[in-house]
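Thanks, everyone. Please have the viewer open while I talk. I'll go through one model, contact by contact.

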Amino acid sequence: MRYVIEHLEPRLFKWCLLEYRHIVSIVGKENALFTNLASKELPSTKDRVKDLDLKHVCVLDPYARKTLSASDKFENLIFGGILGDAPMQGRTTRELTMPLAAESRNLGKYQFSTDTAVYVAKHLMGGGKLSELSFQDTITIEISDSESVELPFRYVMIGGIPLLPPCLVEYLKSRKGF
Ligand SMILES: C[S@@+](CC[C@H](N)C(=O)[O-])C[C@H]1O[C@@H](n2cnc3c(N)ncnc32)[C@H](O)[C@@H]1O
């Protein structure tokens, strides 16, 4: 299974990069491909998915009618390299599912970050069930004694701790302007 992430933000924000590194650590470099992106560090191509001859493609789209399951026989799972927005604006449908005229599947109706979506999809493709995972909708990250940041997305909880890209908390703490 190849996990293809079409980068759709105007540039490679640090937050995107941390998610993308996390994706590589989840699925392995040989199973990840970042499209619409030129990077020396990540397995990537400047080409868009539409320009690549990928077979048996499925877009992971929160608005898809069907939920991904291990019985699905896809070779390439396509994810939006899109930072979360609340409420969702349907960018995955508009920028991937519709132009590619591709099959699509959801991972439930709540919005995950891209790296969490990849983690959940890998779990399902390995025969796991959504009900086996523990989730939390909206997490709060303390960035100083007096400030915290709310991330209004669905996160996988492992041992009571949200699964986050390494260094994301440090990055949020270093950011100005909350
Ligand atoms: C942070 S989400 C961005 C969603 C975007 N705000 C939208 O309105 O479509 C990043 C990517 O993770 C995947 N994703 C997140 N939640 C999902 C879900 N519930 N079902 C399927 N894919 C999901 C999609 O590929 C999506 O493009």
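**Cysteines, salt bridges, ligand**

Let's start inside, with a cysteine. Cys58 is buried, at 0% relative accessibility. Cys16 is buried too, with a relative accessible area of 1%. Before I go on, one caution: this is a predicted model.

How many disulfides does the structure hold? Zero. Why does Cys16 form no bond? Its closest cysteine sulfur belongs to Cys167, and that sulfur is 15 Å away, too far for a bond. A disulfide needs the two sulfur atoms within 2.5 Å.

Next, the charged pairs. The count of salt bridges is nine. I'll take three of those pairs, beginning with Glu41 and Arg21. Their closest N and O atoms sit 2.7 Å apart, and the pair forms a salt bridge. Where do the two partners lie? Arg21 is in helix α1, residues 14-27, while Glu41 is in the loop between β2 (32-35) and β3 (44-45), so the bridge ties together parts that are 20 residues apart in sequence. Buried or exposed? Neither end is fully one or the other: Glu41 is partly exposed at 38%, and Arg21 is partly exposed at 37%.

Second pair: Lys55 and Asp53. This salt bridge has its closest N and O atoms 3.0 Å apart. Asp53 is exposed, with a relative accessible area of 65%. Lys55 is partly exposed, at 46%.

Third pair: Glu95 and Arg91. Their side chains meet in a salt bridge, 2.8 Å from N to O. Both residues belong to helix α2, residues 91-100, and being four residues apart there, they are separated by about one helical turn. Arg91 counts as buried at 17% relative accessibility. Glu95 is partly exposed, with a relative accessible area of 26%. There is a further partner here. Glu9, Arg91 and Glu95 are linked in a network of salt bridges.

Keep Arg91 on screen, please. It takes us to the ligand: a polar backbone atom of Arg91 is 3.2 Å from an oxygen atom of the ligand. How much of the ligand does the protein bury? Taken alone, the ligand exposes 570 Å², and the protein buries 100% of that.

Which residues come nearest to the ligand? There are 23 residues around it, and the nearest are Leu60, Asp85, Thr92, Gly108 and Tyr110. Two of those names come with backbone distances. For Leu60, a backbone N or O atom lies 2.6 Å from an oxygen atom of the ligand. For Tyr110, a polar backbone atom is 2.7 Å from a nitrogen atom of the ligand.

Tyr110 leads on to Arg154. Arg154 touches Tyr110, leaving out residues up to four places away in sequence. On the same basis, Arg154 also touches Gln111, Phe112, Thr116, Phe135, Gln136 and Asp137. Where is Arg154 placed? In strand β8, residues 148-158. Its relative accessible area is 17%, so Arg154 counts as buried. What does its side chain pair with? The side chain of Asp137, through a polar contact of 2.6 Å.

Now the loop that comes before that strand. Ser144 is in the loop between β7 (134-142) and β8. Ser144 is partly exposed, at 30% relative accessible area. Its side chain reaches the backbone nitrogen of Glu147, at 3.1 Å. There is also a long-range pairing to look at. Ser144 and Lys173 are 29 residues apart along the chain, and their C-alpha atoms are separated by 7.2 Å.

Last stop: Thr35. Thr35 lies in strand β2. Buried or exposed? Buried, with a relative accessible area of 0%. What is Thr35 in contact with, leaving aside neighbours within four places in sequence? The list takes in Val4, Ile5, Glu6 and His7. It also takes in Thr45, Asp47, Arg48, Val49 and Leu52.

To recap the main points. There are zero disulfides. There are nine salt bridges, with Glu9, Arg91 and Glu95 linked in a network. The protein buries 100% of the area that the ligand exposes when taken alone. That's my list.

Note on methods:
Residues are numbered from 1 along each chain as its sequence is written. This is a predicted model: local features need pLDDT of at least 70, side-chain atom pairs count only at pLDDT 80 or more; totals for chains, interfaces and linings use all residues. Side-chain values use heavy atoms; hydrogens and water are left out. Buried means under 20% relative accessible area, exposed over 50%, partly exposed in between (1.4 Å probe, protein chains only). A salt bridge is a side-chain nitrogen of Lys or Arg within 4 Å of a carboxyl oxygen of Asp or Glu. Helices (H or I, at least four residues) and strands (E, at least two) are DSSP runs, numbered from the N terminus. A residue is near a molecule or strand if one of its heavy atoms lies within 4 Å of it. A polar contact is a pair of N or O atoms within 3.5 Å; within protein, one must be able to donate a hydrogen and the other to accept it, and residues adjacent in sequence count only if both atoms are side-chain atoms. Accessible areas come from the Shrake-Rupley method with a 1.4 Å probe; for residues, only the protein chains shown count as cover. Contact means heavy atoms within 4.5 Å.
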